[in-house]
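Visitor: Could you take me through this structure slowly, and tell me at each step what the wording rests on?

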Amino acid sequence: MTSNIKFKMDSNDKEVLEAMLKDMGLDLGTAFRMFAYKVLKTGEIPFSISSSIEPDTIETPENYKAWKKARKELERGETISLEELKRKYADV
């Protein structure tokens, strides 16, 4: 007998997660079944899987919107020097 499990997560996070899992040859359902199996058998999360994809490089609607905004600012001549950028983000 099987059960359906439903949960919510951020849409952008889901999109990035699906791309990373695809790079590993997995889909969401398989990845979560693997996770559940290991937790049930060992009582811990004893495995590590990694992706060769950097999460920030995956195009999402949010990233695309930011890119379009930056491109328009650049076209309007709204630029910032490297020194200004370093000052602005010195505490980050």
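**Reading the model step by step**

Guide: In this predicted model, Thr60 touches Asn12, Glu15 and Val16, when residues up to four places away in sequence are not counted. Thr60 itself lies in the loop between α2 and α3, and its side chain reaches the backbone nitrogen of Asn63 at 3.1 Å.

Visitor: Why does Thr60 count as buried?

Guide: Buried means under 20% relative accessible area, and Thr60 has 4% relative accessibility, so Thr60 counts as buried.

Visitor: What makes Lys65 exposed, by contrast with a buried residue?

Guide: Lys65, whose place is in helix α3, has a relative accessible area of 65%, and because exposed means over 50%, the word applies to Lys65. The C-alpha atom of Lys65 is separated by 29 Å from that of Gly29, a residue 36 places away along the chain.

Visitor: How do you know that the length of α1 fits what is expected of a helix?

Guide: Helix α1, residues 11-23, has 13 residues, for which 18 Å is expected at 1.5 Å a residue, and the distance from its first C-alpha to its last is 19 Å, which is close to that value. For α2, with 15 residues, the expected span is 21 Å and the end C-alpha atoms are 21 Å apart, so the two agree. Helix α3 also has 15 residues, and there too the 21 Å between the end C-alpha atoms agrees with the 21 Å that should be spanned.

Visitor: Which residues of α1 are buried, and what puts them on the same side?

Guide: Asn12, Val16, Met20 and Leu21 are buried in α1. They cover an arc of only 160° around the axis, which is why they come to lie on the same side of α1. An α-helix has 3.6 residues a turn, so residues three or four places apart point the same way. The cover over the buried residues of α1 includes α2 (28-42) and α3 (61-75), while the exposed residues Ser11 and Lys22 are carried on the face turned away from the buried side.

Visitor: What makes Asp10 a cap for α1?

Guide: A side-chain oxygen of Asp10 lies 2.9 Å from the backbone nitrogen of Asn12, at the N-terminal end of α1, and since a polar contact asks for N or O atoms within 3.5 Å, this distance satisfies the cut-off. At the start of α2, a side-chain oxygen of Asp27 reaches to within 3.2 Å of the backbone nitrogen of Gly29.

Visitor: Where do residues with a positive phi follow the helices?

Guide: Gly25, just after α1, takes a positive phi of about 80°; Gly43, just after α2, has a positive phi of about 80°; and Gly77, just after α3, takes one of about 85°.

Visitor: Why is the pair of Phe7 and Phe32 called edge-to-face?

Guide: There are two aromatic pairs by the rule used here. One of them is formed by Phe7 and Phe32, whose centres are 5.3 Å apart with 65° between the planes; because centres must lie within 6.5 Å and planes over 60 degrees apart count as edge-to-face, the pair earns that name. The pair links distant parts of the chain, with Phe7 in the segment before α1 and Phe32 in helix α2, 25 residues apart. Phe7 is partly exposed at 48%, and Phe32 counts as partly exposed at 35%.

Visitor: How many of the residues score at least 70 in pLDDT?

Guide: The share is 100%, and the protein chain averages a pLDDT of 89. Among the elements, α1 has the highest mean pLDDT, 94, and helix α4 (residues 82-88) the lowest, 87.

Note on methods
Residues numbered from 1 in each chain as written. Heavy atoms only, no water. Helix = DSSP H or I, 4+ residues; strand = E, 2+ residues; numbered from the N terminus. Expected span 1.5 Å × (residues − 1). Buried < 20%, exposed > 50% of the residue type's maximum accessible area, 1.4 Å probe, protein only. Arc of directions from axis to C-beta. Contact = heavy atoms within 4.5 Å. Polar contact = N/O pair within 3.5 Å; in protein donor to acceptor, adjacent residues only side chain to side chain. Phe/Tyr/Trp six-rings, centres within 6.5 Å; stacked < 30°, edge-to-face > 60°. pLDDT = per-residue confidence, 0-100.
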